[in-house]
Amino acid sequence: MTTKIELVTGGSRGLGKKMALAAKGTLLLVAAIVLAATSFGQTMWTTDKNHAQLHFSVFHYGIAHIEGIFKEFTVTLTSEKDDFSGAQVEMVAQVTSINTQMEMRDNDLRSRSWFDAEQFPVITFKSTSFKKVMGKNYRLAGNISLHGETIPIVFNVVFNGWAVTRTQRKTAGFTVTGKVKRSDFNLGGTPIETGISNEIEVWANVEIGKN
């Protein structure tokens, strides 16, 4: 028995067009499936605002540490893995929420002499990498935007573990520590002019719940 195979040539333009459209549709379907699979693997975690603190500390005239917090900030973490390695991290802090337990000082910090909250109302951080170093220790790298300047920065992170809290959500806890320099952001005068150290210690204790 002989099987006859016919080659479709340029004379069958309509059929060729249909085949091209079918192939295009198949490619789009495959792309959609891949995208859906990738999105399905992503898990988002967000701040438990009742159990999160963002602190900072400066050295005052070289004799004492003066501390403060940002009362309003959010952290969003998106991860494909249970150990959070390779996660994407974003943080947004509201400058007007700064609190050093002294109203006059807080108003000064919000003014144009320092943070200029009217022109630069938020501090943001976006990660570029989140790598596991050893055990519960991680290294978080990214870009921080403050007072109109954006610079790269690295934080040390400790993953404190899991719990199911009263929110009934699976919750993870982290401690983040690092340092920034005011001069990198043109923030305030020099230490000689202000009595405030150039280097600022920052740390955060954060609980984030699984969405």
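**Close-up views of a predicted model**

**Figure 1. Overall fold.** Three helices and 10 strands make up the protein. The model is predicted. Read from the N terminus, the order of elements is α-β-β-β-β-β-α-β-β-β-β-α-β. Of the 211 residues, 32% are buried. The accessible surface amounts to about 13,800 Å², and carbon and sulfur atoms account for 57% of that surface. Long-range contacts feature in this fold: when residues at least 6 apart in sequence are considered, 54% of their contacts join residues at least 24 apart.

**Figure 2. The largest nonpolar core.** This core holds 44 residues. F84, F115, I123 and F174 touch the most other members. Several strands give two or more residues to the core, among them strand 1, strand 3 (73–79) and strand 4 (88–94). Strand 6 (122–134), strand 7 (137–146) and strand 8 (149–164) do so too. Strand 9 and strand 10 complete the list. In soluble globular proteins, nonpolar side chains tend to be buried together.

**Figure 3. F84, a loop residue within the core.** F84 sits in the loop between strand 3 and strand 4. Its relative accessible area is 0%, so F84 is buried. Beyond its neighbours within four places in sequence, F84 contacts W45, L77, S79 and F130. Further contacts of F84 include F159, W162, A172 and F174. The backbone deserves a look as well. F84 is not a glycine, yet its phi is positive, at about 70°. Most residues other than glycine have a negative phi.

**Figure 4. An aromatic cluster and a lysine over a ring.** W45, F84, F159, W162 and F174 are joined into a cluster by ring pairs. A lysine meets one of these rings. The charged end of K170 lies over the ring of W162, at 4.2 Å from the ring centre.

**Figure 5. Two aromatic pairs.** The whole structure contains 11 aromatic pairs. In one, the ring centres of F56 and F70 are 5.6 Å apart, and the planes meet at 45°, so the pair is tilted. This pair links distant parts of the chain, 14 residues apart. F56 belongs to strand 1 (residues 43–60) and F70 to strand 2 (residues 64–70). Both F56 and F70 are buried. A second pair, F130 with Y138, is stacked. Here the centres are 4.9 Å apart, with 20° between the planes. F130 and Y138 are both buried.

**Figure 6. The salt bridge between K179 and E199.** The structure has one salt bridge. K179 pairs with E199, and their closest N and O atoms are 3.6 Å apart. K179 is in strand 9 (residues 170–181) and E199 in strand 10 (residues 199–210), so the bridge ties together parts 20 residues apart in sequence. K179 has a relative accessibility of 47% and therefore counts as partly exposed. E199, at 38% relative accessible area, is partly exposed too. Side chains of opposite charge can pair when their charged atoms come close.

**Figure 7. T78 in strand 3.** T78 is part of strand 3. With a relative accessible area of 15%, T78 is buried; the cut-off is under 20%. Leaving out residues up to four places away in sequence, T78 touches Q42, T43 and M44. A87 and Q88 are also among the residues that T78 touches.

**Figure 8. H147 and its surroundings.** H147 occupies the loop between strand 7 and strand 8. Its relative accessibility is 15%, so H147 counts as buried. H147 touches W114, F115, D116 and F120, with residues up to four places away in sequence not counted. F185, N186 and L187 are touched by H147 as well. The C-alpha atoms of H147 and F185 are 6.1 Å apart in space, while the two residues are 38 apart in sequence.

**Figure 9. D116, a positive phi in a loop.** D116 lies in the loop between helix 2 (103–110) and strand 6. D116 is not a glycine, but its phi is positive, at about 55°. The relative accessible area of D116 is 9%, so this residue is buried. H147 is in contact with D116.

Conventions: Residues are numbered from 1 along each chain as its sequence is written. This is a predicted model: local features need pLDDT of at least 70, side-chain atom pairs count only at pLDDT 80 or more; totals for chains, interfaces and linings use all residues. Side-chain values use heavy atoms; hydrogens and water are left out. Rings of Phe, Tyr and Trp (its six-membered ring) pair if their centres lie within 6.5 Å; planes under 30 degrees apart count as stacked, over 60 as edge-to-face and the rest as tilted. Helices (H or I, at least four residues) and strands (E, at least two) are DSSP runs, numbered from the N terminus. Buried means under 20% relative accessible area, exposed over 50%, partly exposed in between (1.4 Å probe, protein chains only). A charge sits over a ring if NZ of Lys or CZ of Arg is within 6 Å of the ring centre and within 35 degrees of the ring normal. A salt bridge is a side-chain nitrogen of Lys or Arg within 4 Å of a carboxyl oxygen of Asp or Glu. Contact means heavy atoms within 4.5 Å. Accessible areas come from the Shrake-Rupley method with a 1.4 Å probe; for residues, only the protein chains shown count as cover. A nonpolar core is a set of buried Ala, Val, Leu, Ile, Met, Phe, Trp, Tyr and Cys residues joined through side-chain atoms within 4.5 Å.
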